[in-house]
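Reader: Hey, got a minute to walk me through this one? I'd like the overall picture before I start poking at details.

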2 protein chains.
Amino acid sequence: MAIDHLDGRIIVLLAEEPRIGVLEMSRRLGVARGTVQARLDRLQSNGVIRGFGPQVDPAALGYPVTAFATLQIRQGQGPDVRAHLATVPEVLELLTTTGTGDMLCRLVARSNADLQRVIDRVVGFDGIVRASTAIVMENPVPLRIIPLVEQAARDREET
Amino acid sequence: MAIDHLDGRIIVLLAEEPRIGVLEMSRRLGVARGTVQARLDRLQSNGVIRGFGPQVDPAALGYPVTAFATLQIRQGQGPDVRAHLATVPEVLELLTTTGTGDMLCRLVARSNADLQRVIDRVVGFDGIVRASTAIVMENPVPLRIIPLVEQAARDREET
DNA sequence: GGATTAACTGGGCAATGTGTTCAGTGGTAC
DNA sequence: GTACCACTGAACACATTGCCCAGTTAATCC
C-alpha cells in the first residue's frame with residue numbers, strides 16, 4: 001500500500017509516456033526488466049494503479065460545458081436517485097457528501113443551452129428536492145495525481 | 001471532432017481492456033489493422049483521447065478521504081491563489097465556477113484529522129476569503145466517460 | 001460520365017517487445 | 001546460520017509493432 005521511490009518513478013514515467021514498454025522503463029530506471037514487471041504487477045494488484053484506460057476529453061467529443069450540481073434528496077430516496085443518475089450519460093460522476101447538499105454531480109453538456117436539457121433530465125426525478133448548479137469556467141488545475149504520488153513516495157523514503 | 005460508431009467501439013474496447021493491442025482490436029472489431037491504427041492516431045491528434053496515463057487510486061496510496069472545498073477569493077487574487085493551490089499535492093483538481101463560490105477544489109487527505117492539515121494549508125493564503133468544505137462519503141458513480149462516448153457515437157450515426 | 005480523393009483492405013517485412021523461466025546474489029528477519 | 005525475499009542478467013519462443021505497398025470501394029467534384 002505504501003509506495004517507495006522506485007514505484008513512484010514507475011508511475012511518473014507511465015504518466016509521462018503512457019505507451020512506454022516494460023523494457024524501455026527498465027532501461028530508463030536502471031533496473032532489471034523483471035523488477036519493473038514485478039513492481040507493476042504489485043501496483044496493479046494493490047489497486048494503486050487501477051488501469052490504463054484512455055483519457056477522453058468531453059470537450060473534444062462535443063461537450064465543452066462542465067457543471068457541478070448540488071442535489072438535495074428526499075429521505076430514503078438515495079438509492080433510486082443514484083440509479084436514475086447512472087442512466088444519464090452526461091452525468092460523469094456522482095458523489096454523496098456531508099454538508100448542505102446530499103449529492104454532488106459532475107455534468108457535461110453540448111452548450112449552455114443544452115445544459116438546461118441535461119439539468120432537466122437530472123432533476124426530473126421524484127426523489128430530488130432541490131438542485132443548485134455551478135458552471136465551470138476554467139480548469140486551472142486539471143485532475144492530477146503525480147504530485148501526490150511523489151509526496152507519497154517521499155513520505156515512504158523518509159521513514 | 002464528431003466520432004462515429006467505430007471510433008466509439010475502439011474507445012470502449014480500450015476502456016475495457018487497456019492493455020489490448022492494435023492487432024487484437026482489429027480482430028475483435030472485424031476491420032483491418034491499419035484502419036484501427038489510423039483511427040487511433042486520428043482520435044489522439046484530435047484530442048478526443050488525451051492519453052493512456054495510469055489511473056492511480058488515492059485511497060490505495062494512503063489518502064482515503066476526499067473532500068470538495070468551495071473557496072471565495074478576494075478580488076484580483078485569483079492568479080495568486082491558483083499558483084498557491086497548484087503547489088499543494090493534496091489538491092487534485094481546481095476549477096473556477098459561477099455561483100456562490102469562486103473556486104471549487106478537490107482534495108484528498110490521509111484521514112479526517114489529516115484533512116484539517118490540508119485545509120489549513122489550502123486556506124492559509126491571503127487571497128482566500130472564505131472556504132466551506134464537504135467531505136465525500138460515497139462515490140456511487142465513479143468518474144466515467146463510456147456512456148457519453150456511446151451517446152456521442154449514437155448522435156453521429158443518427159445524422 | 002469520368003476523374004480525383006480519401007478510407008479501408010490484406011499482405012509482407014524486419015525489428016522489437018512480451019511472457020516466461022532460470023540460476024545466482026545480496027540483504028534481512030528470526 | 002538458515003530461510004526468505006527482492007533483484008539481476010540471461011535465455012527462449014512467440015506475438016506485436018511500425019512501416020510499406022497495391023488494390024478496392026465510395027463519395028465528391030468537374
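Author: Sure. One definition up front: a residue is near a molecule or strand if its C-beta atom, placed from the backbone, lies within 6 Å of it. By that test, α3(A) gives the most to the surface near DNA strand D, with four residues. Keep in mind that this is a predicted model.

Reader: OK, and which elements supply at least two residues each near DNA strand D?

Author: That would be α3 of chain A together with α2 (22-29) of chain B. The residues around DNA strand D from chain A are Val31(A), Ala32(A), Gly34(A), Thr35(A), Ala38(A) and Arg39(A). From chain B come Gly21(B), Val22(B), Leu23(B), Glu24(B) and Gly34(B).

Reader: What's the class split there, nonpolar, polar and charged?

Author: Five nonpolar, four polar and two charged residues make up the surface near DNA strand D.

Reader: And what surrounds DNA strand C?

Author: Chain A brings Gly21(A), Val22(A), Leu23(A), Glu24(A), Gly34(A) and Gln37(A), while chain B brings Val31(B), Ala32(B), Gly34(B), Thr35(B) and Ala38(B). The elements giving two or more residues to that surface are α2 (22-29) and α3 (33-46) of chain A, plus α3 (33-46) of chain B. By class, the surface near DNA strand C has five nonpolar, five polar and one charged residues.

Reader: Switching topic. How many helices and strands does chain A have?

Author: Six helices and six strands. Going from the N terminus, the order is α-α-α-β-β-β-α-β-β-α-β-α.

Reader: Is chain A compact or spread out?

Author: More spread out than a compact globule, because its radius of gyration is 20 Å, well over the 15 Å that the globule rule gives for 159 residues. The C-alpha trace of chain A spans about 60 × 35 × 25 Å along its principal axes. As for burial, 36% of the 159 residues of chain A count as buried.

Reader: What about contact range in chain A? What share of contacts joins residues at least 24 apart?

Author: 65%, taken among contacts in chain A between residues at least 6 apart in sequence.

Reader: Now the two chains. How many residues does each put into the contact?

Author: The contact takes 60 residues from chain A and 60 residues from chain B. On the chain A side, β6(A) gives the most, with eight residues. The residues on that side divide into 39 nonpolar, twelve polar and nine charged.

Reader: Which strands pair across the chains, then?

Author: There's a closed barrel of eight strands with antiparallel pairing: β3(A)-β5(A)-β4(A)-β6(B)-β3(B)-β5(B)-β4(B)-β6(A). Neighbouring strands in this sheet are turned by 35 degrees against each other on average, direction ignored. Separately, β1(A) is joined by two bridges to β2 (residues 55-56) of chain B, running antiparallel. Ile49(A) has Val56(B) as its bridge partner in β2(B).

Reader: Zoom in on chain A's part of the barrel. How many bridges join β3(A) to β5(A)?

Author: Seven, and those two strands run antiparallel. One of the bridge pairs is Ala69(A) with Cys105(A) in β5(A). On another pairing, β4(A) and β5(A) are antiparallel over five bridges, and Glu93(A) has Arg106(A) as its partner in β5(A).

Reader: How do β4(A) and β5(A) connect?

Author: They form a hairpin with five residues between them, and Gly99(A) in the turn has a positive phi of about 100 degrees.

Reader: Is β5(A) enclosed or open?

Author: Largely enclosed by the rest of the structure, because five of its seven residues are buried.

Reader: Back to Ala69(A). Is Ala69(A) buried or exposed?

Author: Buried. Ala69(A) has 23 other C-beta atoms within 10 Å, and the cut-off for buried is 20 or more. Ala69(A) sits in strand β3 (residues 65-73) of chain A.

Reader: What does Ala69(A) touch, skipping residues up to four places away in sequence?

Author: Cys105(A), Leu107(A), Ile119(A), Val122(A), Ala131(A) and Thr133(A). For distance, the C-alpha atoms of Ala69(A) and Gln44(A) are separated by 33 Å, with the two residues 25 apart along the chain.

Reader: Last one: how do β4 and β5 pair in chain B?

Author: Strand β4 (residues 91-97) and strand β5 (residues 103-109) of chain B pair in the antiparallel sense over five bridges. Among them, Thr96(B) is bridged to Met103(B) in β5(B).

Terms used
Residues numbered from 1 in each chain as written. Chains lettered and ligands numbered in written order. Predicted model: local features only at pLDDT ≥ 70, side-chain atom pairs only at ≥ 80, totals over all residues. Nonpolar A, V, L, I, M, F, W, Y, C, P; charged D, E, K, R; others polar. Contact = placed C-beta atoms within 7 Å. Pairing = 2+ DSSP bridges. Rg over C-alpha atoms; globule rule 2.2 N^0.38 Å. Buried ≥ 20, exposed ≤ 12 C-beta atoms within 10 Å, placed from the backbone. Axes fitted to C-alpha atoms, helices over the stretch in contact; angles between N-to-C directions.
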